[in-house]
Structure formats: structure tokens, C-alpha cells
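Colleague: Got a minute to go through this model with me? I'd like to ask a few things as we look.

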Amino acid sequence: MTLRIGTRASALAMAQTGQIADRLTRGSGEPVEIVKITTAGDRSTASLASLGGTGVFAAALREALLAGECDIVVHSLKDLPTSPLPGLVVAATPKRADARDALCARDGFTLETLPVGARVGTGSPRRRAQLLSRRPDLETLDIRGNVDTRLGRVSTGDLDAVVLAAAGLDRLGRLDAATQLLELSEWPTAPGQGSLALEVRAGEEHLVAALDHPATRLIVETERGVLARLEAGCAAPVGVTAMLDGGLLFASARVYSLDGSSLLTSSHALYPADTPAPADELARRIADELLAAGAAELAPLGG
Ligand SMILES: NCc1[nH]cc(CCC(=O)O)c1CC(=O)O
């Protein structure tokens, strides 16, 4: 039986779907076919925030899966809304790539050395708040477009820098454009960044189960749990990072005001072996602490 894999048609989506397709054929010996799906987010040039956040990318893929136009869809996990959709299951989260953001600046500049008032492009409210939190003098510009388009705005001199996910740059063979990798302890990224999610119709989990990486699942479920418990969308100025270290599950989240002038941080850890529903429990501790400290007043979480 040919496995039909649905994907967005962007270069990044095609690169990551190609890798998954290779692994699936090698594992099963079955042929795979790649089905390109155009999403509202690909068609429109309006700002992502105005389209209702990055959920626009996932919705069309999910519709195609429900309609039987494909059997598996490959999402960037950070673009997948935290609310489950009846009839569909994320049956595998493959081993995660680098979760960090990368500054891609002209002339080798870093966040510390960018000239005063430098123009930095990003469409993400989280990245804008993080940039301004570190460097209130920077001018941030809302940009859209695929990774190559964004990097092109730096090489043409239109912008001094852009911020992009290291995982996306790497999948496209463009990690050379990064001038600084931003450490997660100082610059937590979108929940699930660097991870893929393989979604199937309920009952067909076996199609992708071999690609699941349980440690990644625990980590990204923790990160996404924080977002869900904050009732925050993927366009909210919130960064979350989780990791497993010597059997300890650690997570830290930051909520920023849009202008980056204030932020709240909460970090907790637990031993998953000792805790029922560890991802949920850790996410709850962090989200409750952030909400008690005024996160909902500090930032537009739903936006
Ligand atoms: N919303 C865009 C998007 N979705 C996934 C990635 C690539 C990294 C990943 O897989 O998390 C990117 C590009 C970026 O943020 O630079």
C-alpha cells in the first residue's frame, strides 16, 4: 500500500517531509507519495498574527487528512495548535532537532555587537519581545516569507538581521547564515520548536509508531502543556524550554510584555519516574506560578 504523506509545499516543509518519507520507506518497504497542500498561510501575505497565528498552516493539513486525501501529515510541532482535533492523533514525535533560535546578522554581528538602532526582522511577537528585552534600542520589523526570503533581506542590506529557528536553517542547509545561536536558558523558544509531529487518523497510529521518540514526546508535551494551561496561542509572547537530564525533567517558561520591558520566569523540575502524568504536572506548576504572578495581565496570551 502506498503511504500518502501530506505536507505544506514550502522548501522547509518539503525538506523535513522528505526526511520522514525516507525513514518510513526504509522501515516499511512500502512506497510513499508526497501530497502538497497549500494553506491559507502560504497564500496570504498578511501578517501571521492577523491570520490568527500559525494555526492557519496546520488547519489545511488536518482537513486533507480527515478528507482522506492523505494518510499522514507532517507538521512542524510548533505550528500545531495545542487543542486536539477529534478523529486525529499525533502518533509520533521523532527525535527533536536543535530547539534554539539563531540570529542571522550581516557582518558577523551578535545581539551584543549589533549597532545601535539596527533593523531586525521577525514576524513573531515572542522574538520581538525577546529582542527588545535584550536590546531596547533595536528597531524590529514585521516580516513574512520563507527562510530564503528572510535571509535575502539581510544579504541585500535591507535589514541588519533576522531571527530564525536553527532547526529550520539546518534542514535547509543554511546554518552557515547564523551568526549567533541563542541559548535556551536566556532565550526560550516556541513550545515544540525543532520537533516534528506526525499526525494520522485515529486507529492508524501503527503507520508512524516506529518513528516516535519517547523522550522527545515527554519534553514537547511539557512545553506544549505550559502553553495550553496558560490558554495561550502560538502567537503569544511566551517561550518555553524543557529537557531531560539524568532522569530529571526540567522546564522553564518566560512570558514577556510585547515591548520586552518586563518578563516573568518560572522553572520547575521533577522525576518523571516518580510522578503520574509528569508532563502535565510540571506544566501545571509552571503555568500556575506564572498566572499567579500576573502573566495574563503582562501579555496578550490569547493573541
Ligand atoms: N512558523 C515558521 C516555522 N515553523 C517551523 C520552523 C522551523 C523550525 C522548527 O521546526 O521548529 C519555522 C521557521 C522559523 O521559525 O524560523
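Modeller: Sure, let's take it topic by topic; keep in mind that this is a predicted model.

Colleague: Let's begin with the record. Which residues does UniProt list for "domain: Porphobilinogen deaminase C-terminal"?

Modeller: The unreviewed UniProt entry gives residues 220-291 for that domain. In the model, this span is 33% helix and 35% strand, and its end C-alpha atoms lie 21 Å apart.

Colleague: And where does UniProt place the "modified residue: S-(dipyrrolylmethanemethyl)cysteine"?

Modeller: At Cys234, according to the same kind of record, an unreviewed entry. Cys234 sits in the loop between helix H7 (214-229) and strand S11 (238-245).

Colleague: Is Cys234 buried or exposed?

Modeller: Buried, because 24 other C-beta atoms lie within 10 Å, and the cut-off for buried is 20 or more.

Colleague: What about Glu231, where is that one found?

Modeller: Glu231 is in the loop between H7 and S11. Glu231 counts as partly exposed because it has 13 C-beta neighbours inside 10 Å, and partly exposed means a count between the limits of 12 or fewer for exposed and 20 or more for buried.

Colleague: What is phi like at Glu231?

Modeller: Positive, about 55°, although Glu231 is not a glycine. Most residues other than glycine have a negative phi.

Colleague: I flagged Asp107 too. What's its phi?

Modeller: Near 55°, so again a positive value in a residue other than glycine. Asp107 is in the loop between strand S5 (101-105) and strand S6 (119-121). Asp107 counts as exposed because there are 11 other C-beta atoms within 10 Å.

Colleague: Switching to the ligand. How many residues surround it, and which are the closest?

Modeller: There are 11 residues around the ligand, and the closest are Ser76, Leu164, Ala165, Gly168 and Gln193. By class, that shell has 4 nonpolar, 5 polar and 2 charged residues.

Colleague: Which strand and helix each supply at least two residues of the shell?

Modeller: Strand S8 (161-165) and helix H6 (166-171) each do that.

Colleague: And which domains does the shell draw at least three residues from?

Modeller: Domain 1 (3-94 + 195-212) and domain 2 (101-182) each give at least three residues to the shell around the ligand.

Colleague: Okay, now the start of the chain. In which sense do strands S1 and S2 pair?

Modeller: Parallel: strand S1 (residues 3-7) and strand S2 (residues 32-36) pair over 5 bridges. Gly6 stands opposite Val35 in S2.

Colleague: What do S1, H1 and S2 make together?

Modeller: With helix H1 (residues 11-28), S1 and S2 make a right-handed β-α-β unit.

Colleague: Where does Ala9 lie in that stretch?

Modeller: Ala9 is in the loop between S1 and H1. Ala9 counts as partly exposed because it has 14 C-beta neighbours inside 10 Å. Its C-alpha atom and that of Ala91 are separated by 22 Å, with the two residues 82 apart along the chain.

Colleague: Last one, Val208. How many residues apart in sequence are Val208 and Ser261?

Modeller: 53 residues in sequence, and 44 Å in space, C-alpha to C-alpha. Val208 is in the loop between strand S10 (196-201) and H7.

Colleague: Why does Val208 count as buried?

Modeller: Because Val208 has 28 C-beta neighbours inside 10 Å.

Key
Residues are numbered from 1 along each chain as its sequence is written. This is a predicted model: local features need pLDDT of at least 70, side-chain atom pairs count only at pLDDT 80 or more; totals for chains, interfaces and linings use all residues. UniProt positions are given in the numbering used here, feature names are shortened, and annotations may be inferred rather than shown by experiment. Helices (H or I, at least four residues) and strands (E, at least two) are DSSP runs, numbered from the N terminus. Two strands pair if DSSP finds at least two bridges between them. A crossover is right-handed if, with the strands pointing away from the viewer, the path from the first strand over the helix to the second runs clockwise. A residue is near a molecule or strand if its C-beta atom, placed from the backbone, lies within 6 Å of it. Ala, Val, Leu, Ile, Met, Phe, Trp, Tyr, Cys and Pro count as nonpolar, Asp, Glu, Lys and Arg as charged, and the others, Gly among them, as polar. Domain bounds come from an automatic or database domain assignment.
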